[in-house]
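Colleague: I am new to this structure and would be glad of a close look at a single part of it, the nonpolar core and what lies around it. Please take me through it slowly, in one connected answer.

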Amino acid sequence: MQLNTHLNIDRSLCGKVTRLEEGYAEVLLHTTRQMGADAQGLVHGGFLFGAADYAAMSTVNDPYVVLGASTSKFIAPVKVGDVVLCKACVASEKGKKKEVSVTAFVADKPVFEGTFTTFVLEKHVLD
């Protein structure tokens, strides 16, 4: 399956799509020193959220998908050098609205859970 959305995203910041199926995607994020928030190497949660959001958008896989809302829970810390795998699947859909569930893991340990409410528009949100 071909990726049809967020084609210009910086993969070094948001991860890389490693698996893509109808209603399902996986994004792999290699955390770097630049993502660290402190001297101990705690990765800023915004990078984890960005990878999860990218996984949600990839799951919907439409050029005009936008994020409408989200809820998220940071379960465990991520440190510089960790490899994060975000697994996303469409949980429900009604018309143009799709709810996408995302869980992120370091090894087999969950570090993040989120629900992303997406909408597929008829044209680009900036048009």
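**The core and its surroundings**

Modeller: Gly114 is a good place to begin, and in this predicted model it counts as buried because its relative accessible area is 8%, below the 20% that marks the limit for that word. Gly114 sits in strand E6, and, leaving out residues up to four places away in sequence, it touches Thr71, Ser72, Val100, Ser101 and Val102. Ala104 is ten residues from Gly114 in sequence, and the two C-alpha atoms are 8.8 Å apart in space.

One of the residues touched by Gly114, Val102, leads to the largest nonpolar core, which has 31 residues and in which Val84, Cys86, Val102 and Val111 have the most contacts. Two or more residues of this core come from each of strand E1 (16-21), strand E2 (24-30), helix H2 (45-60), strand E4 (83-94), strand E5 (97-106) and strand E6 (109-120). Helix H2 gives the most, with eight residues.

Val111 shows what such a position looks like from close up: with residues up to four places away in sequence not counted, its contacts are Leu48, Lys73, Phe74, Ile75, Ala76, Pro77, Val78, Ala104, Phe105 and Val106. Ala104, whose distance from Gly114 was given above, is thus also among the residues that Val111 touches.

Cys86, another of the residues with the most contacts inside the core, is buried, since its relative accessible area is 0%. The sulfur of Cys86 forms no bond with another cysteine, because the closest cysteine sulfur, that of Cys14, is 10 Å away and so too far, where a disulfide would need the two sulfur atoms within 2.5 Å. A search of the whole structure finds zero disulfides, and Cys14 accordingly is in none, with the sulfur of Cys86 as its nearest cysteine sulfur. Cys14 is also buried, because its relative accessibility is 16%.

After helix H2, the element that gives the most to the core, the chain enters the loop between H2 and strand E3 (65-74), and Asn61 has its place there. Although it lies in a loop, Asn61 counts as buried, because its relative accessibility is 10%. Apart from neighbours within four places in sequence, Asn61 is in contact with Met1, Gln2, Leu3, Asn4, Thr5 and Leu20. With Asn4 there is a polar pair as well, in which the backbone nitrogen of Asn4 lies 2.6 Å from a polar atom of the Asn61 side chain.

Methods
Residues numbered from 1 in each chain as written. Predicted model: local features only at pLDDT ≥ 70, side-chain atom pairs only at ≥ 80, totals over all residues. Heavy atoms only, no water. Core = buried A, V, L, I, M, F, W, Y, C linked by side-chain atoms within 4.5 Å. Buried < 20%, exposed > 50% of the residue type's maximum accessible area, 1.4 Å probe, protein only. Helix = DSSP H or I, 4+ residues; strand = E, 2+ residues; numbered from the N terminus. Contact = heavy atoms within 4.5 Å. Polar contact = N/O pair within 3.5 Å; in protein donor to acceptor, adjacent residues only side chain to side chain.
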